[in-house]
Amino acid sequence: MTTSAGWYLRRLSRMGPREVGGRVGDAVRRRRWRSALPDGPAVTGARFTAVLPAGTLDAVPPDAAKRLVAEADRLMAGHAEYFGVDRDDLAEPDWWYDPKTGRRAPQGYAFDMPYRDENAVGDIKQIWELSRHQYLTVLAAAYAVTGDERYAERVAAHLRTWWAANAPLRGVHWISGIELGIRLLSWVWIRRLLDGWPGAAGLFEGNPVALHQIWHHQRWLAAFPSRGSSANNHIVAEAAGQFAAACAFGWFPSSARWRDDALRSLERHLRSNTFGSGLNRELATEYHGLVLELALAAVAEADAADVPVPASVRLVLLRMTDALAAIVDNRLRPPRQGDADDGHGLIVDGAGTDRWASLLATGDAVFGRLDWWPEVTGTDVRTPLLAALVRPYAKSGTGPAVTRPAARPAHFADAGMTILRGPARIWVRCDGGPHGFLSIAAHAHADALSVEVRHDGVDVLADPGTFCYHGQPAWRQYFRSTLGHNTLQLDGGDQSVSGGPFLWTRHARSRVLAADTSGGSAGGTLRWCAEHDGYQRSVHRRRVELDPAAEELRVVDEVRGAGGAARLAFHLGPAITADLVENRAVLTWTRDGEDRSAVLDLPGQLSWRAHRGETDPPLGWYSAGFGRKEPSTTLIGTGFADSAQGFTTVLRFRG
């Protein structure tokens, strides 16, 4: 997919004067850099001192170490899976190859690469992912816990081939700052985890090629930060990687300046990317996890290097961790809200390690769990490694004591997210928040007033997910559309107007009118009500009521104003089988070997039909992760909506 002139005009319209000026400066700098690539400063006597404290590896749980080694052995055999594509070429990878399309990215000056054009480059996500070198942090961690030098030797061989194949400013791996930032963070941890290996110093601080690469990565990040309307999770990754490298690899004349500038950027953008409640402003849950992982890793480097960190940084991480603990369901699954691309900040664990349990375990080690936090039973490698470096919050000495929630929060007013919970493992997320973050809301979906319902962690009314970013515009449009969520569509359009795959030119405005998450003093019905103005001539209002005692959820939709042709969508999770007869659907599924069921009574004023796995246009799909999709059942009711009638949907769980 090539980028049109119209897209550039729409994108420009979402920028302010300062951002435009900064981007003009970037363009001038790119032109100048084309013909003037410096060698970088000479470095002598460099030493790596940011090692793990003695005894750290003894704290790695045996089962977590076993999963790590199993994953490392799979990588050693050349096997990995990225975004739904199995690879068997990792023994000697081609750094420019996309296994999904079979294309190989062209070589040349980095800023000339048409990386958004899948026909010219391939799927850029597939190409970039391997070069984040997070599979190498897994191999390095396997060396650290086993002492098996095969893992260290493979890491060294791959780093040397990558450095040889990807000279500074040549090719697709020098285009995007988030890639450089995460790669630097990986290199820091690779060096740390390989510290007991005799070849570690010769691979990094004693290697002119490695020093050249590290210096150019940091020079690049200092010159081309994400700006203005693009200052979302990308700028956090850039700042975290730059800061980590400047702390751990502080061997250059510019290291102190890069470190200080990166810390200022991290502090500023971590605050701007996070609501006061602790939820990420992109309203895309996976990016909440990514930002939290990146910032925790940055603080680990600060504490390892004895670099003071502003109190606001630790406070934001504390609030993010408490918010995460508050919103997960009883199986520790968070909402499936907004975009998700399987991005991680630091990977040192094997397959089967629960990402969210790992983050909560780290939060417990660093901040201390509160009484209302859910229990975390899983284990991981990353928590003891980070906990060995990050000073516990109470001992960090960086600010006054903070008042944390005495009870589990359920309504996050600034983010517009409300969680309704029933004692019978019912979990309901109601969305009445902003459309997204910044003027382009890059990772938002047109999902105002959508609901997400789970029973014992099983998606019953599901958010279908994301699936893709580039190269498949029809699928990108579907998964972020209004029809692709559990909400009401009017006149065939989205609530917000898309100007491109990461650009919204008009944002629906939502407001929560009521949120009772306690059911009153008697513990009765939980209620939520919100509305949005995305249809301009009409206002969509939705009420949600959960009766925990009856295990019954009631959703009432009203349209005020002109009204129009309506489609009401309910997307079922992939585990759910639906038997639809007229306006009643019997839902069945299995959980832990037990049969479960529910009845979904749909509004009789609408004509209902089940859709599953349709492709022209897409309808009836669920994406469990980036690049992966599977058929699931979507129930669509069609008719007319106006102020004279409301639509009532009732979901009753049975045992």
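Let's start with disulfides. A disulfide is a covalent bond between the sulfur atoms of two cysteines. How many disulfides does the structure hold? The count is zero. Keep in mind that this is a predicted model.

Two cysteines are still worth a look. Cysteine 247 is buried, because its relative accessible area is 15%, and the cut-off for buried is under 20%. Cysteine 468 is buried as well, with a relative accessible area of 3%. Where does cysteine 468 sit? You will find it in the loop that runs between β7, residues 458-461, and α17, residues 473-479. For a sense of distance, take cysteine 468 and glycine 202: they are separated by 266 residues in sequence, and their C-alpha atoms lie 40 Å apart in space.

Now the helices. Helix α8 covers residues 177-193. It has 17 residues, and at 1.5 Å a residue these should span 24 Å. The C-alpha atoms at the two ends of α8 are 24 Å apart, so the expected and modelled values agree. Is α8 buried or exposed? Of its 17 residues, 17 are buried, so α8 is largely enclosed by the rest of the structure.

Helix α14, residues 311-327, can be checked in the same way. Its 17 residues should also span 24 Å, and the C-alpha atoms at its ends are 25 Å apart, which agrees. As for burial, α14 is mostly covered, with 14 of its 17 residues buried.

Next, how helices pack. Two packed helices are described by the angle between their axes and the distance between the axes. Take helix α11, residues 233-248, and helix α13, residues 285-305: they pack at an angle of about 20°, and their axes are 9 Å apart. That angle makes α11 roughly parallel to α13. The crossing of α11 past α13 is left-handed.

Helix α11 also meets helix α10, residues 208-223. How do the axes of α10 and α11 cross? They come within 10 Å of each other and cross at roughly 140°. The two helices are therefore oblique to each other. Here too the crossing is left-handed, as α10 passes α11.

On to the sheets. Strands of a sheet pair through backbone hydrogen bonds, either parallel or antiparallel. One sheet here is open and has eight strands, in the order β11-β12-β13-β14-β25-β18-β17-β16, with antiparallel pairing. Which strands stand at the edges? They are β11, residues 510-516, and β16, residues 577-581; each has a single partner strand, so one side of each is left without a neighbour in the sheet. On average, and ignoring direction, neighbouring strands of this sheet are turned by 15° against each other.

We can walk in from the β11 edge. Strands β11 and β12 run antiparallel and are joined by six bridges. Within that pair, valine 512 is opposite alanine 530 of β12. Strand β12 spans residues 526-532, and six of its seven residues are buried, so β12 is largely enclosed by the rest of the structure.

On its other side, β12 is joined to β13, residues 538-547, by seven bridges, and the two run antiparallel. Tryptophan 528 has valine 544 in β13 as its bridge partner. Together β12 and β13 form a hairpin, with five residues between the strands. In the turn, glutamine 536 has a positive phi of about 60°.

Further along the order are β17, residues 584-591, and β18, residues 594-601, which pair in the antiparallel sense over eight bridges. Arginine 584 is placed opposite aspartate 601 in β18.

There is also an open sheet of four strands, in the order β8-β15-β24-β19, and its pairing is antiparallel. The edges are β8, residues 488-490, and β19, residues 607-612; each has a single partner strand, so each has one side without a neighbour in the sheet. Neighbouring strands in this sheet are turned by 25° against each other on average, direction ignored.

One pair from this sheet to finish. Strand β8 pairs with β15, residues 564-571, in the antiparallel sense over three bridges. Leucine 490 stands across from alanine 566 in β15.

Conventions:
Residues are numbered from 1 along each chain as its sequence is written. This is a predicted model: local features need pLDDT of at least 70, side-chain atom pairs count only at pLDDT 80 or more; totals for chains, interfaces and linings use all residues. Side-chain values use heavy atoms; hydrogens and water are left out. Two strands pair if DSSP finds at least two bridges between them. Axes are lines fitted to C-alpha atoms, for helices over the stretch in contact, and angles run from 0 to 180 degrees between N-to-C directions. The expected span of a helix is 1.5 Å times one less than its number of residues. Buried means under 20% relative accessible area, exposed over 50%, partly exposed in between (1.4 Å probe, protein chains only). A disulfide is a pair of cysteine sulfur atoms within 2.5 Å. Angles under 35 degrees count as roughly parallel, over 145 as roughly antiparallel, 65 to 115 as roughly perpendicular and the rest as oblique. A crossing is left-handed if the near helix is turned anticlockwise from the far one by less than a right angle, and right-handed if clockwise.
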